[in-house]
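Hello,

Here is the structure that I said I would hand over to you, together with some notes on what was found in it. Please keep the structure open while you read, and look up each place as it comes along.

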Amino acid sequence: MGEPPESAGASLHQMVERVGKNELGLCIGQRVHVAGNRRRIGTVCYIGPVEGHAGDWVGVDWDDGDGKHDGRVNGVQYFRATNEQSASFVRLKNLSGGISLLEALYLRYRGESTKQEEDEMYVFSSSKRRVSIQLVGKSKIEEKLKHFEDLNSASMPYFGVGSINPSQEIRNVVPNLKELDLTGNLLSSWQDINSLCEALPSLEILNLTNNLLEADVPELLSFSNIRILVLNNCGVTWKQVERLGQYLHAVEELHLMGNKMTLLLPSESDITNIKGFNSLRLLNLENNCICSWEEVLKLAKLRRLEQLHLNKNKLTHIFYPTNRSLPGLQDTCYVPFEKLECLLLGSNQIDDLAFVDSLNCFPNLVDVRLSENPIADTTKGGVSRFVLVARLAKVKILNGSEISIRERKESEIRYVRLVMAMMQSADPQEIKLQHPRFAELKSLYEIDDEKPSAGVSVPQKMSAGLISITLICVGASMGERQPLSKKLPPTTTVGRLKVLCESFFKLKGVKLRLFLQEKDSPLPTLLDDDTIPLMNVGAGNEATVLVDEENYLV
């Protein structure tokens, strides 16, 4: 067949004996991994002969897409794979249907762990970051776990778990388990997951990331105690999520990253009718394919929702819902996104500041991510961080970085001067419409209108639109140099101004840094992006720029 066999490993007969399956040990739709490589996972799509090749073969559609064909060999279509080259045929002996949950548990916590497995051992810190467990005194840990009833948290990523033991067996071994991470295993049956939850009545946190789950969701009566459910990259649809929601009576966090979702609720549906979602505080929809903000608005009625993660989707616009934009709003007394504090919109396609301004309408929004959108990318015509800070009046955390009192003040002053500079070469009324916070901030900081520079007038064609910049050398090795005042177009970039400073002050071989000195700011602001025009950093008429050597002021 021209296909090299997958790496050999444990005999399939051993797996059959252990798990108690049928004669072949595998069936269509079953999840398997390569024997000896638990991270090479796929779905069995065919079992039987292949024309021109002796014996039986197993056709596998691989999760990582690294195969050799689409299920067709020598013109015969044995099955249809997900992609053109995601499938291959493998000998039965080179595949494993996995081990049971309790076998994995014993291997993980009583067997000899590999360095890779030890690296994967972690706990959650108070800020919910993963912190690796230091295996100092490992023997003490193993001694404690001789009795598994002491175990309340277990992590078994990529252990090849393919079956769930009878509920009573699991309950007898780990009766107090509260957290369980089964990332990257071979589970696909919702009924198996339900049996697992039934066996673990104390279970509150369940991570099933990278387990490809079946389409049909049966009654899941044992899910009622789950508080945090992680279904990242599980191939679930929103229709399945709605079905799940009927049984997740206590869920507070639901993670649904990487499931290729495009649509949420049907337009006629009401999310408040999904019983489980009434307690939802965090919904993670990152790395999906949602392109319409109208889909997101279907979540506006979740009254307890505090965090909504939408990074890495395809959103082009955002706005706060009104009576017209959200059907049924006029008939109720609720406030859309009433408790939403955190909205992550990084790596989308938002490119208009009007959409940024709309975030001010969310009543309690204080944490926003806009990084890796065109609007926040200065190389694509976007704006700098200080502009976003100034336009977002209530936000306290932007792109994961806290906005200090000082940064907010400096950003807002700088923003006012930026707008004032723009008004010199455009219609002031139009500019004010485009910058709704301008008048408020100008009044707050008592910033006077800029006066035209004094001096001998020059012909209108030469002076129109130019701004006066005072350049002051402050570098230690530059010596005493007289400040210079120059008239420059507001479109002059920071990089171009550096070149001009080298010429003005005769500074050869000196790497420069420029700082904008604000009148009301105790410290100057570093101009660290050479591509940004002066007008976009808030350098208006009669601005002062400090010329420094690299690594002197900072």
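**The eleven-stranded sheet**

Asp367 stands opposite Ile397 in β21, in what is, as should be said early, a predicted model. The strand β20, residues 367–369, is joined by two bridges to strand β21, residues 397–398, and these strands run parallel. Both belong to an open sheet of eleven strands, in the order β11-β13-β14-β15-β16-β17-β18-β19-β20-β21-β22, whose pairing is mixed. At the edges stand β11 (153–155) and β22 (401–402), and because each has a single partner strand, one side of each is left without a neighbour in the sheet. As general background, the strands of a sheet pair through backbone hydrogen bonds, and they do so either parallel or antiparallel.

**The five-stranded sheet**

There is also an open sheet of five strands, in which the order is β6-β3-β2-β1-β7 and the pairing is antiparallel. Its edge strands, which pair on one side only, are β6 (87–90) and β7 (95–96). If you follow β3, residues 53–62, you will find that four bridges join this strand to β6 and that the two run antiparallel. Which residue of β6 is the bridge partner of Val58? The partner is Val90.

**The second largest pocket**

The strands β2 and β3 come up again here, since each supplies at least two residues of the lining of the second largest pocket. This pocket has a volume of about 620 Å³, and 26 residues line it, of which Asp63, Asp64, Leu212, Asn233 and Lys260 lie nearest its centre. The largest share of the lining, five residues, comes from β2. Sorted by class, the lining holds six nonpolar, 13 polar and seven charged residues.

**Helices α5, α6 and α7**

It may help to begin with α6, residues 190–199, in which the buried residues are Trp190, Ile193, Asn194, Leu196, Cys197 and Ala199. These buried residues pack against α2 (101–109), α5 (167–173), β13 (179–181), β14 (205–207) and α7 (238–245). At the start of α6, a side-chain oxygen of Ser189 comes to within 3.2 Å of the backbone nitrogen of Gln191.

On the side of α5, the residue to look at is Ser167, which has its place in that helix. Ser167 counts as buried because its relative accessibility is 17%, where the cut-off for buried is under 20%. Leaving aside neighbours within four places in sequence, Ser167 is in contact with Ser195, Glu198 and Ala199, and the side chain of Ser167 reaches the backbone oxygen of Ser195 at 3.4 Å. Ser167 and Asn194 are 27 residues apart along the chain, while their C-alpha atoms are separated by 10.0 Å.

How many of the eight residues of α7 are buried? Six of them are, so α7 is largely enclosed by the rest of the structure. The buried residues in question are Trp238, Gln240, Val241, Glu242, Leu244 and Gly245, and what covers them includes α6, β16 (253–255) and β17.

**A buried glutamate in α11**

Glu412 lies in helix α11, residues 405–423. Is Glu412 buried or exposed? With a relative accessibility of 3%, Glu412 counts as buried. The side chains of Glu412 and Arg437 are joined by a polar contact of 3.2 Å. Arg437 is also one of the residues that Glu412 touches, along with Ala390, Leu441, Leu444 and Tyr445, when residues up to four places away in sequence are not counted.

**Two loop residues with positive phi**

Most residues other than glycine have a negative phi, and with that in mind two places in loops deserve a careful look. Asn287, although it is not a glycine, has a positive phi of about 55°; this residue lies in the loop between β17 (282–284) and α8 (293–296). At 40% relative accessibility, Asn287 counts as partly exposed. Ser347, again a residue other than glycine, has a positive phi near 55°, and is found in the loop between β19 (342–344) and α9 (353–358). The relative accessibility of Ser347 is 21%, so Ser347 counts as partly exposed.

With best wishes

Definitions and conventions: Residues numbered from 1 in each chain as written. Predicted model: local features only at pLDDT ≥ 70, side-chain atom pairs only at ≥ 80, totals over all residues. Heavy atoms only, no water. Pairing = 2+ DSSP bridges. Buried < 20%, exposed > 50% of the residue type's maximum accessible area, 1.4 Å probe, protein only. Contact = heavy atoms within 4.5 Å. Polar contact = N/O pair within 3.5 Å; in protein donor to acceptor, adjacent residues only side chain to side chain. 1 Å grid on protein atoms, 1.4 Å probe; cavity = no way out; pocket = protein on both sides within 12 Å on 5 of 7 lines; lining within 4 Å. Points joined across faces, edges and corners; volume = space filled by probe spheres on them. Nonpolar A, V, L, I, M, F, W, Y, C, P; charged D, E, K, R; others polar.
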